[in-house]
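Q: I'd like a close look at one part of this protein, the nonpolar core and the helices around it. Could you walk me through it in one go?

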Amino acid sequence: MLFRNCLKVVFPVMVLVALVFYVEKSPVSAVDVAQDAQGSLMQQKLTQAQLLLESLALEDYESMAEHAKAIHRISIEADWAGIPNKDYSRYGDKLREAAAKAEEAAMEENLDSVAWHYMQVVVTCVECHKAVRGQSPAEVAMLMP
Ligand code: HEC
C-alpha cells in the first residue's frame with residue numbers, strides 16, 4: 001500500500017522531470033524545428049525566407065544578414081552536385097547571387113536594397129520550381145538538352 005502511494009507521488013514527479021529535460025533539450029530556433037521536423041533542405045529554405053521577411057519587417061539588419069546567409073548556405077547544400085541540368089544550376093546560381101546581395105545590403109543597412117534582393121530570392125524560388133518541380137534528380141538530369 002505504502003509502495004503504491006509512493007508511486008502515486010514519484011511517478012508524476014518523474015514525468016515532470018522528464019518533461020523539463022525534454023523541453024530543455026528540444027530545439028529552440030525555428031530553423032532547428034524545421035530541420036528536425038522536416039529534415040528537408042527546401043523546408044529550411046522556406047523557413048529562412050520567412051525569417052528574412054520577418055527581419056525586414058522588423059528592420060533588424062543583423063537578422064537579415066543571418067537569414068540571407070543561411071539561404072545561401074542551404075542553396076549550396078541543396079545543389080545537386082554533378083547534375084548537369086541547365087535550369088537547376090541557373091536558378092541555383094541566381095538564388096545564391098540574390099541571397100549574397102541581400103546579405104551585402106543588410107551589412108550596409110540598406111533596407112530598400114535588402115527588400116529588393118529578397119524579392120529576387122522569392123521570384124527565383126518560384127522560377128526554379130516551375131522549371132524543375134516534381135522531377136526526381138535523375139529525371140531532372142534527363143531534361144538536359
Ligand atoms: C535551383 C532550384 C530551386 C530553387 C532556387 C528553390 N527550390 Fe525549392 N524545390 C526545388 C525542387 C527540385 C523541389 C522538389 C524536390 C525537393 O523537395 O527537394 C523543391 C521543393 C521545395 C519545397 C517542398 C519541399 C517538401 O518538403 O516537399 C519547398 C517548401 C521549397 N522548395 C521551398 C523553396 C524556397 C522557399 C526557395 C527559395 C528561397 C526555393 N525552394 C528555391 C528546387 C528549387
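Which residues of the largest nonpolar core touch the most other members?

A: One thing up front: this is a predicted model. In the largest nonpolar core, which has 20 residues, A68, I71, A102 and V121 are the ones that touch the most other members. Four elements, α3, α4, α5 and α6, each give two or more residues to this core. The top contributor is α5, with 8 residues.

Some background helps here. The protein has 7 helices and 0 strands, and read along the sequence it goes α-α-α-α-α-α-α. Buried residues come to 23% of the 145 residues. Among contacts with a separation of 6 or more, 58% are between residues 24 or more positions apart.

Now for α5, which runs over residues 86-107. Its 22 residues should span 32 Å at 1.5 Å a residue, and since the end C-alpha atoms are 32 Å apart, the two values agree. The buried residues in α5 are Y88, Y91, G92, L95, A98, A99, A102, E103, A105 and A106. Looking down the axis of α5, you find those buried residues within an arc of 165°, so they line one face of the helix.

A98 and R96 make a handy pair for seeing how α5 sits among the other helices. A98 lies in α5 and counts as buried because it has 24 C-beta neighbours inside 10 Å, where 20 or more is the cut-off. Beyond its neighbours within four places in sequence, A98 is in contact with H117, Q120, V121 and T124. Take V121 from that list: it is 23 residues from A98 along the chain, yet their C-alpha atoms are separated by 5.6 Å. V121 is also one of the core members that touch the most others.

R96 is in α5 too, but with 19 C-beta neighbours inside 10 Å it counts as partly exposed. Its contacts, setting aside residues up to four places away in sequence, are H72, S75 and I76. H72 and S75 are among the buried residues of α4. As for T124, it is 28 residues from R96 in sequence, and the C-alpha to C-alpha distance is 9.7 Å.

That brings us to α4. Its 18 residues, 61-78, should span 26 Å at 1.5 Å a residue; the end C-alpha atoms are 25 Å apart, which agrees. Buried in α4 are M64, A65, H67, A68, A70, I71, H72, I74 and S75, and these residues pack against α3, α5 and α6. I71 is a good one to click on. Not counting neighbours within four places in sequence, I71 is in contact with K45, Q48, A49, L52, A99 and V121. A99 in that list is one of the buried residues of α5.

While you're following the chain, have a look at two loops. E59 is in the loop between α3 and α4, and E109 is in the loop between α5 and α6. Most residues other than glycine have a negative phi. E59, though not a glycine, has a positive phi of about 55°, and E109, also not a glycine, has a positive phi of about 55°. E59 counts as exposed because it has 11 C-beta neighbours inside 10 Å, while E109 has 13 and therefore counts as partly exposed.

Last stop, the ligand. It is surrounded by 19 residues, and the closest are M42, Y91, G92, C125 and C128. The elements giving two or more residues to this shell are α3 (41-58), α5 (86-107) and α6 (111-132). Here α6 gives the most, with 6 residues. By type, the shell divides into 11 nonpolar, 6 polar and 2 charged residues. There's a link back to α5 as well: Y91 and G92, named among the closest to the ligand, are also among the buried residues of α5.

So if you want a route through the model, begin at I71, with its contacts to A99 and V121. Then go to A98, which is in contact with V121 and T124 among others. From there move on to Y91 and G92, which are among the closest residues to the ligand.

Note on methods: Residues are numbered from 1 along each chain as its sequence is written. This is a predicted model: local features need pLDDT of at least 70, side-chain atom pairs count only at pLDDT 80 or more; totals for chains, interfaces and linings use all residues. A residue is near a molecule or strand if its C-beta atom, placed from the backbone, lies within 6 Å of it. Ala, Val, Leu, Ile, Met, Phe, Trp, Tyr, Cys and Pro count as nonpolar, Asp, Glu, Lys and Arg as charged, and the others, Gly among them, as polar. The expected span of a helix is 1.5 Å times one less than its number of residues. A residue is buried if 20 or more other C-beta atoms lie within 10 Å of its own, exposed if 12 or fewer, and partly exposed in between; C-beta atoms are placed from the backbone. Two residues are in contact if their C-beta atoms, placed from the backbone, lie within 7 Å. The arc is that of the directions from the helix axis to the C-beta atoms. A nonpolar core is a set of buried Ala, Val, Leu, Ile, Met, Phe, Trp, Tyr and Cys residues joined through C-beta atoms within 7 Å.
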